[in-house]
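Got the viewer open? Load the chain in cartoon view and follow along.

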Amino acid sequence: MRMPFFRLALGAVCLTLVAGCRTNPVQPPATQPMADIGLSDPVPLASVDAIVVPPIGWKPDDPKGSDRHAHQVWLSPTGKTAYGVIHFGLPLPFSASWIINPFISEMKKSEGEATLVGQPQKDDALPGMRFTVLSPEYKMRINLICKGFSGWAVYAGTIRGQEEAPDELKLAEQAREHTRVGVTGTSSQAPPTFTRPTASVAE
């Protein structure tokens with residue numbers, strides 16, 4: 001079963017916010033072999049400017065993108081769970097703590113609902129924010145990361161209204177935590193940049 005993970009609207013990220021993004025690097029993943037925890041070997045993926053580690057046996061969906069974002073997702077064998085990376089450019093070096101509110105606001109416009117579960121947690125090791133958000137169809141556990149003029153949403157997602165597959169979700173969360181962003185050195189051009197506050201992304 002194919003799932004349309006995920007439809008997001010992020011255009012408001014380019015609102016007139018002012019904040020500096022931390023530049024300390026993402027912490028390197030543990031040295032334990034990825035296969036031992038069910039993940040593929042790390043692979044640089046230029047389209048999202050990240051080193052990704054999809055769970056073994058998960059299938060990549062067709063890449064999504066526009067002039068404002070790039071999005072790659074991998075689906076579990078059951079289709080109940082997803083691991084994804086969204087890469088977007090910023091007109092200024094905003095911090096994730098400033099981006100999170102417009103991110104949620106635009107997701108709400110696109111989906112009709114975007115409800116935070118608990119409070120976002122700042123994590124300087126990302127550097128960025130960790131939060132969980134509910135749309136009408138999905139529950140997304142997101143790491144929102146900001147580095148310079150680029151931003152990333154790395155997530156583990158499940159379908160609402162269906163019983164979750166705990167083993168799959170654990171794999172998706174491990175993949176999210178081992179993803180390294182902005183370090184591939186393979187992108188020959190600047191990241192896509194949001195230009196219109198009302199722009200939306202249909203996934």
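Here is a short walk from the whole chain down to a couple of local spots.

**Whole chain.** Keep in mind that this is a predicted model. Colour by secondary structure and you should find two helices and 11 strands. Trace them from the N terminus and the order reads β-β-β-β-β-β-α-β-β-β-β-α-β. Now switch on the surface: the accessible area is about 9,200 Å², with 54% of that belonging to carbon and sulfur atoms. Of the 203 residues, 52% count as buried. As for contacts with a separation of 6 or more, 66% of them link residues 24 or more positions apart.

**Select S40.** This serine sits in the segment before strand 1 (43–45). Is S40 buried or exposed? Neither, quite: S40 is partly exposed, because its relative accessible area is 23% and the buried class stops under 20%. Show what surrounds S40, skipping neighbours within four places in sequence, and you get contacts with M34, V53, P54, P55 and I56. Pick V53 from that set: V53 is 13 residues away from S40 in sequence, yet their C-alphas are 5.3 Å apart.

**Select 96–111.** That is helix 1, with 16 residues. Put a distance label from its first C-alpha to its last and you should read 21 Å, close to the 22 Å expected. Show side chains next; the buried ones include I99, I100, F103, I104 and M107. What covers the buried residues of this helix? Turn on strand 7 (115–123), strand 8 (128–134), strand 9 (138–147) and strand 10 (150–159), which are among the cover.

**Last stop.** Step just past helix 1 to G112, where phi is positive, at about 90°.

Key
Residues numbered from 1 in each chain as written. Predicted model: local features only at pLDDT ≥ 70, side-chain atom pairs only at ≥ 80, totals over all residues. Heavy atoms only, no water. Helix = DSSP H or I, 4+ residues; strand = E, 2+ residues; numbered from the N terminus. Buried < 20%, exposed > 50% of the residue type's maximum accessible area, 1.4 Å probe, protein only. Contact = heavy atoms within 4.5 Å. Areas by Shrake-Rupley, 256 points an atom, 1.4 Å probe, with all protein chains shown as cover. Expected span 1.5 Å × (residues − 1).
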